[in-house]
Amino acid sequence: MLRLVPICKGGRFTGFLQSVGAVLREFSAPANALQDCRKDHGTETQHGKEIDDVHMLFRHCTKLQSAKCLHARLIVSQAIQNVCISAKLVNLYCYLGNLVLARHAFDNIQNRDVYAWNAMISGYVRLGSSSEAIRCFSLFMMTSGLQPDYRTFPSVLKACRSLLDGMKIHCSALKFGFVWDVFVAASLIHLYCRYGPVTNARRLFDEMPVRDMGSWNAMISGYCQSGNAKEALTLSKELKVMDAVTIVSLLAACTEAGDFIRGVLIHLYSIKHGLDSELFVSNKLIDMYAESGNLKSCQKVFDRMIVRDLISWNSIIKAYELNEQPLKAVRLFEEMRLNRVQPDCLTLISLASTLAQLGDVRAGRSVQGFTLRKGWLLEDITVGNTVVDMYGKLGLVDSARAVFDWLPNKDVISWNTIISGYAQNGFATEAIEMYNEMEEGGGEITPNQGTWVSVLPACSQSGALRQGMKIHGRLLKNGLSSDVFIGTSLADMYGKCGRLEDALSLFYQIPRVSSVPWNTLIACHGLHGHGEKAMMLFSKMLDEGVKPDHITFVTLLSACSHSGLVDKGQWCFEMMQRDYGIAPSLKHYGCMVDLFGRAGQLETAFSFIKSMPIQPDASIWGALLGACRVHGNVDLGKIASEHLFEVEPEHVGYHVLLSNMYASAGKWEGVDEIRGKGLRKTPGWSSMEVNNKVEVFYTGNQSHPMYEEIYKELTLLHAKMKMIGYVPDQRFVLQDVEDDEKEHILMSHSERLAIAFALITTPPKTRIQIFKNLRVCSDCHSVTKFISRITEREIIVRDSNRFHHFKDGVCSCGDYW
């Protein structure tokens, strides 16, 4: 092209190329601006043909250096004096991303017309300089003496960053009579949907005398962007014709509203009118079917695409990741690379989540390395948050914390991710500490719904009731406690901290139209051993027309298991399949095995496992092994452990469980064999909150400042207990030592240390609440009953399985746990 530029010198354009008036469509100014220019300067003249040839040169300028050369030749040939060509040059510089040269060219136009001003304003908008666009429009209105046209307002309305600015421009459009121009009206609708009540946009839309497709699209997309998907779908019923933009907006509305039947009908319309071949329509169809869980249709749309871009690959990978089919997602990623499509940060976000589902640590670290090399980890906060989330789901909380600390900028999602990562991996104390650190950050980060639903489960785990109550107070102050997700998290926190009455009170204050709050209350009643009340809640849930889901039945079966309601548990399991068509998952089967095992029906549990239509996982065999350990069935326990170690050979907890079963049965050779593998068991600990401080006691630990007072109190208690019939159950001493030593080991169990500490440091007859990370042993259970009777204290112990309410020598579990 540069070899042709010298032809411009002297104005010799004639004969270079045929007229190319349509060239202007490549740039932001409309083609009819050229026609206006011709009217001003005389059409059908030799000079007009020369202008056409200049515009052909503009079309071939794709680099800044070429544009500068053309600019120079236009100055030499004096063609720059033509306002239309000068405005075109402004457009070209904006198109190439150089606002400085665009403004320089604009400032040197002597007699600027509306077309030139429009070119400069639209250039500012296109390159994201909204404030400069508004300033340029104000300068135009105050100094030019010209009137804006229908092309001016759409650009300047797009530049508005507040409702007030938009209303000022709206007034100008009214003043000059352009408010009912379809382009201006559509831009006003977009503005009011972004910054004002959507009702203002709808009023404007209803008052429009003429509506084109752009107006309809503006109103429908405005509804979608403001979260009014149902209104968008209702409005679309008045449409007789749709284009590709309408279909994309309506598919997004169907996804948000969960109206997937309507989505299928829109898909059929797009096929009938040949719009399904549009690339962005196909991409949105994949997203819609992914949200509905219809992976077959996702794959069908993807396979029929003639052209696929990066968004297409990202959409199909995300579809499988979203529906928990990580292997297929990884295979698609590999296929994408074979097709030489380079991933972007969105691809890596889906891939990281996929690898977390697979538990592939090595590949997860590779993803982190890739994002580091690309610079995305530190530049894009979304990528950084995703890597933190991935490590949290992989159980690598130290790596998650390291990446979190590396992030140069942290938003509320960053904090929520690390808090939930700690909480989901059992590090409740660390999760609460991170929340407190965020709060102490001087108000830089404002907690949101995600923060509360991340930290409240941590309070539930650790029994940090006061911390939970403090959060509750803040939520009440902000008026957020009635939110269904936050309210449910609060109810769960109170229920798991032993305050079931408060949990019920909150439950009745929040909307109960979904199964989520019902599931929480049923689970809380199950933890407290109130199986019958859990069943009553389920009946009430059905009476209120709330449909149970698979989680509902997991909580019900668990509640029946903790209360020994074998027949009702079997009824629930059958009803789930018969009445609601819910296929049992491994969690449901695990609850049934636990139900039979706790009731001592070990052979029934074993037969049930053998009849399962799906392959049992570690949780199934672990439940049977745990039941064998409780009921002393070593032979069946050995069979369960063999199957268990085939599925998950490296799980330390299951090896410890087998060792404990051997120890209880006195088979010390089996204990020695397992201990010879060098496995380390999780240490038992108990915690309690005294004077706003959480005290933690480990089994056998003698480092507590009040160690001597605690053991003195325990010695006195043991003497009193023996006087009223206590006999130590030495089966729960898992070392082959003398009887005196066994009794001392039993005395140093963590919950006894915590109870003795509470008796010393709290007023008489006040309630004691203990949280234990492991299942309470039978001897400690018996001892706690005796202590509650001797001291006239109510003692609440929450172990890894359930709550035990001890009062007057009786436990709420009825010795069934």
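**Exercise 1.** With which residue does Glu 792 form a salt bridge? Add where the two partners lie and whether they are buried or exposed.

*Solution.* The model is a predicted one.
Step 1. The partner of Glu 792 is Lys 765, and their closest N and O atoms are 3.3 Å apart.
Step 2. This pair links distant parts of the chain, its members being 27 residues apart. Glu 792 sits in the loop between helix H44 (778–791) and strand S4 (795–798), whereas Lys 765 sits in the loop between helix H43 (750–761) and strand S3 (768–772).
Step 3. Both Glu 792 and Lys 765 are exposed.

**Exercise 2.** Find the salt-bridge partner of Lys 496 and classify each residue by its accessibility.

*Solution.*
Step 1. Lys 496 forms a salt bridge with Asp 492; the closest N and O atoms are 3.2 Å apart.
Step 2. Helix H29 (residues 484–496) holds both Lys 496 and Asp 492, four residues apart, or about one turn of the helix.
Step 3. The cut-off for buried is under 20% relative accessible area. Asp 492 has 14% relative accessibility, so Asp 492 counts as buried. Lys 496 has 25%, so Lys 496 counts as partly exposed.

**Exercise 3.** Do the same for Asp 594 and its partner.

*Solution.*
Step 1. Asp 594 pairs in a salt bridge with Arg 598, with 2.7 Å between the closest N and O atoms.
Step 2. Asp 594 and Arg 598 are both in helix H35 (residues 586–598), four residues apart, about one turn of the helix.
Step 3. Arg 598 is buried because its relative accessible area is 15%. Asp 594, with 22%, is partly exposed.

**Exercise 4.** Which residues are linked with Arg 202 in a network of salt bridges, and how many salt bridges are counted?

*Solution.*
Step 1. Asp 206 and Glu 238 are linked with Arg 202 in the network.
Step 2. The count comes to 16 salt bridges.

**Exercise 5.** Describe how helices H25 and H26 pack.

*Solution.*
Step 1. H25 (residues 412–424) and H26 (residues 428–439) pack at an angle of about 160°, and their axes are 7 Å apart.
Step 2. Angles over 145 degrees count as roughly antiparallel, so H25 is roughly antiparallel to H26.
Step 3. The crossing of the two helices is left-handed.
Step 4. Among the residues in contact are Trp 415, Ile 418 and Tyr 422 in H25, and Met 434, Tyr 435 and Met 438 in H26.
Step 5. By type, the residues of this contact are ten nonpolar, no polar and two charged.

Technical notes: Residues are numbered from 1 along each chain as its sequence is written. This is a predicted model: local features need pLDDT of at least 70, side-chain atom pairs count only at pLDDT 80 or more; totals for chains, interfaces and linings use all residues. Side-chain values use heavy atoms; hydrogens and water are left out. A salt bridge is a side-chain nitrogen of Lys or Arg within 4 Å of a carboxyl oxygen of Asp or Glu. Buried means under 20% relative accessible area, exposed over 50%, partly exposed in between (1.4 Å probe, protein chains only). Axes are lines fitted to C-alpha atoms, for helices over the stretch in contact, and angles run from 0 to 180 degrees between N-to-C directions. Angles under 35 degrees count as roughly parallel, over 145 as roughly antiparallel, 65 to 115 as roughly perpendicular and the rest as oblique. A crossing is left-handed if the near helix is turned anticlockwise from the far one by less than a right angle, and right-handed if clockwise. Contact means heavy atoms within 4.5 Å. Ala, Val, Leu, Ile, Met, Phe, Trp, Tyr, Cys and Pro count as nonpolar, Asp, Glu, Lys and Arg as charged, and the others, Gly among them, as polar.
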